[in-house]
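Trainee: Could you take me through one part of this model in close detail? I'd like to see how a single strand fits into its surroundings, and then how that part sits in the whole chain.

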Amino acid sequence: MNDTATRPESDEPEQSALARANEVLPALIAMLPVASRPFFPGQAVPLLMDAEHWRSTIRAVGETEHKILGVALSRSETSEAATAEDFFEVGTACRVHRVNEDDGKLQVLVECLQRFRIDRFVSREIPYSARVEYLPEPRHEPESEVKAYAMAVINTIKELLPLNPLYVEELRMFLDRFGPDDPSHLADFAASLTTSSKEQLQEVLEAVPLMKRMEKVLVLLNNELELARAQQQIRASVEERMQKQQREFFLREQLKAIQKELGIAKDDRTAEMDKFRERVAKLTLSDEAKKRVDDELDKMSILETGSPEYAVTRNYLDWITLLPWGRHSPDKLDLKRARRILDRDHYGLDDVKQRILEFLAVGIHKGEIAGSIILLVGPPGVGKTSIGRSIADAVGRRFYRFSVGGIRDEAEIKGHRRTYIGAMPGKFIQAMKDAGTENPVIMLDEMDKIGASYHGDPASALLEVLDPEQNVDFLDHYLDLRFDLSKVLFVCTANQTDTIPGPLLDRMEIIQLSGYIANEKLQIAKKYLLPRQIERAGLDKGAVKVDTKTLRALIEGYARDAGVRRLEKQLGKIVRKSAVKLLEHAELPIKVSTDDLREYLGSPVFRDERKLSGPGVVTGLAWTAMGGATLSIEAVRTHEYARGFKLTGQLGEVMRESADIAYGYIVSHAYEFGTDPGFFEKAFVHLHVPAGATPKDGPSAGITMASALLSLARDEPVRQIAMTGELTLTGEVFPIGGVREKLIAARRAGIKEIILPEDNRGEFEEVPEHIRKGLDVHFASRFVDVVPLLFKTAKSKPIRTA
């Protein structure tokens, strides 16, 4: 077989033939893959390829006389990654006209001549070569049908020309070489204009019959036309918006210029300065502050508006002029109104309300309520924050609250200096700005949780704020001006006072808020919590009914803590589940009984405290941040192999010392208390305070531990009695704290008889009557006063005297 193939002869004259009649195209040609899109006959295409990869292929073409290169589309992502299997079957024979190599790239200009179909590969490695069969252009389609398609293609191209100017140049180049009456090359040219995918263009290349090819091309052209129109609409929309914005900008600038010429408008700097002057005219600034404002305004007048210093000065003046210099709100000095507001917002807490009313009464006599610092101390959920709001409402002052819990940076209190980027005033200056008056009520929550770090000690910074002698001239680092905080009523809250520094605590008037007893919680739930939860759920007033018995069971089993926060959460859960039932067409009202609590809330969280009894077991009373609690103390003799004393129950250092004192005291006075002195000579005693996972500390368990050791030594159980008091080595009983909380804990546990230190008699008498009612309280000044109360009289062993 010869290596050349000739064009088939035709009776009709050839028109626009790229390969002339006497020209032969070789049957064996070098092959080059292209990855982007196929080439069509009639095109002159520049190729850019990697010189190192394809140099051998171009050299092989250059060594032939015909300079023919077969270009076929590759299925691979890049031409360099193509293999012989990746070539599409139909490609285009091209003549290489010019080859240049520059910077590792080959620039090759090729003229596309005619379609071919690959017969077989002769070389499957680079340089690729293959035997091909040429596909002649068809010339026998019906004239009228071809003309109709050709006109449709030409009309579509005409519509594309205004949408994309690049098409005009390509059309001019096509008309220079071919006429519009050449439908075959017109179809190939039209396909090459489109941005269709390489697979769609390859289908056009493989469509040799003219009608089939023109149908495919017309579809691609119409898709291209729709895409071009969409792009034109997007472009026009974007340009319209840009022109509108530019037009508005120019009009605004022209308006500013006209207003400035007429004297009816000012520039930004002048407008800002006038605004600050208007604010200053309404304030009563100190001489120092007035001079500072004038200086800053003078500086602002010469600064460029775009400079960073201008922004710093503007913000500084903004802060100064927004503070309430000399602006006060009138106090509502009406004691009856204050009592009514306190009773409206809070149930019980009579002692706390009385202290607040006393404080207000002094202010009424003076004619004004001077700045003071009140510290409300109590367990979570007893209403400390809401009492602060009620105080503000009672005296008619603005209220501002922020939490100091976790603050570790002194700058949070006294502000940052203006030399820092993003500097801001401290919390107190911000509070004064938001309140809008010089005499608001400012609440400082979580005072016992304030921190300290390498940034400074915020608690020390608070000393200046909360000292009535110093806060008249409070100096914020940002303002660098003296501001009067002496008329502010500060209300602080804390769960305990142990972690508040002594100097800070000394500046406050402490008001203790103890926990609520069950009866108080019951009334609070009825009057406040349940109606509020029903309202929040959007239900009718009587949609959910919870009777008194159910509320008592709820308080005892699910909300036994000192406050009412947990109780409100449980009531909220009941109301939400009732709302679901109402949507499921339950009958109104929904009544919740004691038996329903487990369905609504699950198993009870709190159970009755286990009544431990027997020799060596005594009930003590303890104070925690959550309120009061009962504490059972157990003492047993584990063996008699060696004398010893062991403590367990996660006891703190103070409590361990109390245990050692109790052990030493009982051992040294065993004979006097009617016990065998030889008991402790051999016994190894183990004293435990349940629960073991809870840390415990404090001195108030001294007499309880001594009583447990005495009960063990006498082998005699203690009556149902609870006690608290610190014991010394000489048997003295010292006073303790948290009397009210401990009495509430005893009532909750059902204990009616209690031993307290004699020195706590005054505090006991200050406890409200409804808490003391029904309690049999004994007061002891020495441990010998405690012993007769421990054991049943009939069985008690006498206290011997030496």
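**A strand and its surroundings**

Mentor: Sure, and keep in mind that this is a predicted model. Let's go to strand E10, residues 399-403, where the side chains alternate. Tyr400 and Phe402 point to one face and are buried, while Phe399, Arg401 and Ser403 point to the other and are not. That fits the usual picture: in a regular strand the side chains alternate between the two faces of the sheet.

Now look sideways. E10 is joined by five bridges to strand E11, residues 441-445, and the two run parallel. If you want one pair to click on, take Ser403, whose bridge partner in E11 is Asp445.

Next, pick out Leu444. Leaving out residues up to four places away in sequence, Leu444 touches Phe402, Val404, Phe428, Leu462, Leu466, Val491, Cys492 and Thr493. So Phe402, on the buried face of E10, is one of the residues that Leu444 touches. Leu444 also belongs to the largest nonpolar core, a set of 53 residues. Those with the most contacts inside that core are Trp325, Phe428, Leu444, Met447, Leu462, Leu466 and Leu479. Helix H9, residues 308-322, gives the most to this core, with five residues. Another core lies apart from it and has 51 residues, including Leu360, Leu554, Tyr558 and Val564.

Now zoom out to the whole chain. There are 27 helices and 26 strands, and 47% of the 802 residues are buried. Among contacts with a separation of 6 or more, 74% link residues 24 or more positions apart. Gly698 makes a handy example of a link across the sequence: its C-alpha atom is 8.3 Å from that of Glu653, 45 residues away along the chain. Gly698 is in the loop between strand E21 and helix H23, and beyond its neighbours within four places in sequence it is in contact with Val654, Met655 and Ser658.

For a helix that is well covered, go to H24, residues 739-748. Eight of its 10 residues are buried, so H24 is largely enclosed by the rest of the structure. The buried set takes in some charged names too, among them Arg740, Glu741 and Lys742, alongside Val739 and Leu743. After H24 comes Gly750, with a positive phi near 80°.

The surface gives you the other side of the story. The chain's accessible surface is about 41000 Å², and 50% of that belongs to carbon and sulfur atoms. Ile234, Val238 and Met242 make a nonpolar patch of about 260 Å². Val238 is in helix H6, residues 210-262, and is partly exposed at 33% relative accessible area.

Finally, some backbone details worth a look. The peptide bond from Ile126 to Pro127 is cis, with omega near 0°, and Pro127 is in the loop between strands E7 and E8. Another cis bond joins Leu588 and Pro589, with omega about -15°; Pro589 is in the loop between helix H19 and strand E17. Back toward our strand's part of the sequence, Asp480 has a positive phi near 55° though not a glycine. Asp480 is in the loop between strands E12 and E13, and is partly exposed at 39% relative accessible area.

Key:
Residues numbered from 1 in each chain as written. Predicted model: local features only at pLDDT ≥ 70, side-chain atom pairs only at ≥ 80, totals over all residues. Heavy atoms only, no water. Patch = residues over 30% accessible without salt bridge, like charges linked within 9 Å, V, L, I, M, F, W, Y side chains within 5 Å. Areas by Shrake-Rupley, 256 points an atom, 1.4 Å probe, with all protein chains shown as cover. Salt bridge = Lys/Arg side-chain N within 4 Å of Asp/Glu carboxyl O. Helix = DSSP H or I, 4+ residues; strand = E, 2+ residues; numbered from the N terminus. Buried < 20%, exposed > 50% of the residue type's maximum accessible area, 1.4 Å probe, protein only. Pairing = 2+ DSSP bridges. Core = buried A, V, L, I, M, F, W, Y, C linked by side-chain atoms within 4.5 Å. Contact = heavy atoms within 4.5 Å.
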